[in-house]
Amino acid sequence: MKWLVSLVAVLAVGLFSVALAGPYSSLGYSNEAVVIEPEGRPGRLEVANHDGTFEDAFCWQGAGCVGSTPPYYGCFAEAFDLTYGEVNGISIWLTRGGDDSFSSDLDILVWDGGVLSSPEDASVIEVFPGAIPTNVPMWDTVGRNDFPVTTFTIHDPFSVGYYSDFAGTNCDWFLAVDRDGAGGGHPWTNVLPDLEDLPDGWVTPDQVWGAPVASFGIAIDFTDLSDAPFDDDYDHGSDESSTWAQVKALYR
């Protein structure tokens, strides 16, 4: 009978812990994280703001995630300032904290802006829903996940990121964070208004997690077209391309 009482107590503590999980979390600093790279990657130019090493990992969960529609409270983004070119794929470095299995997917998003100012909520210019990570090892090991996307053209500052719907659960995975890099990154996260004592809207991650962040583990597979004739058929950020209903309809 004692074992049954003990089991009930353990389960109660576990459920209580889950219920008390805050809206944001991290896995803690480590300068010994190992990165697992997938095999057979395409040989195009990768653009990243991080230095290839990661010292922490962040996530939003519970009350910090509010629905998989704009303005995507609980999302992460990294901004890039590049010349005219094409984005052919997106890479995200992820890790996890405890469970041996996970079943969630994520929506990859692209916004206008993010270099001189925060990304623009009203200008989601691309969305690639339902991406499934497959390389998510336990912290302090980090896995690179490469997601092919329908090629899109850029010629202005833009931000790339993702939203994972962990509104009803603790995080399946965490985004790898470069805390000790040389700088030059543009990391952002979007905070629900009136969430605890946090600032709301697009903020830099140090305003939430309290630690300096050089860059997120997000990169793009980029083809430089700066020497090619400029083609403005892709109306980057126009009313036609930036409304959520029209962007979402492209990928149903």
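**Group meeting: an open sheet and two low-confidence stretches**

Let's start at the N terminus: residues 1-20 keep a pLDDT under 50, pLDDT being the predictor's confidence in each residue, from 0 to 100. This stretch has 1 contact beyond four places in sequence in the model, where contact means heavy atoms within 4.5 Å. Residues 234-252 are also below 50, but they have 45 contacts beyond near neighbours in sequence. The chain as a whole averages 81, and 77% of its residues score at least 70.

Some ground rules. This is a predicted model, so local features need pLDDT of at least 70 and side-chain atom pairs count only at 80 or more, while totals for chains, interfaces and linings use all residues. Residues are numbered from 1 along each chain as its sequence is written, and side-chain values use heavy atoms, leaving out hydrogens and water.

Now the sheet. Strands here are DSSP E runs of at least two residues, numbered from the N terminus. Two of them pair if DSSP finds at least two bridges between them. Six strands make an open, antiparallel sheet, ordered β8-β7-β10-β5-β12-β13. β8 and β13 (201-203) are the edges: each has a single partner strand, so one side of each lacks a neighbour in the sheet. On average, neighbouring strands are turned by 25° against each other, direction ignored; the axes are lines fitted to C-alpha atoms.

Is edge strand β8 mostly covered or open? Covered: 6 of its 8 residues, 124-131, are buried, meaning under 20% relative accessible area with a 1.4 Å probe, protein chains only. β7 (106-112) joins β8 antiparallel through 5 bridges. There, Ile108 stands opposite Phe128.

Further along, 3 bridges link β5 (76-80) to β12 (187-191), again antiparallel. Glu78 has Pro187 as its bridge partner in β12.

Conventions: Buried < 20%, exposed > 50% of the residue type's maximum accessible area, 1.4 Å probe, protein only. Helix = DSSP H or I, 4+ residues; strand = E, 2+ residues; numbered from the N terminus. Axes fitted to C-alpha atoms, helices over the stretch in contact; angles between N-to-C directions.
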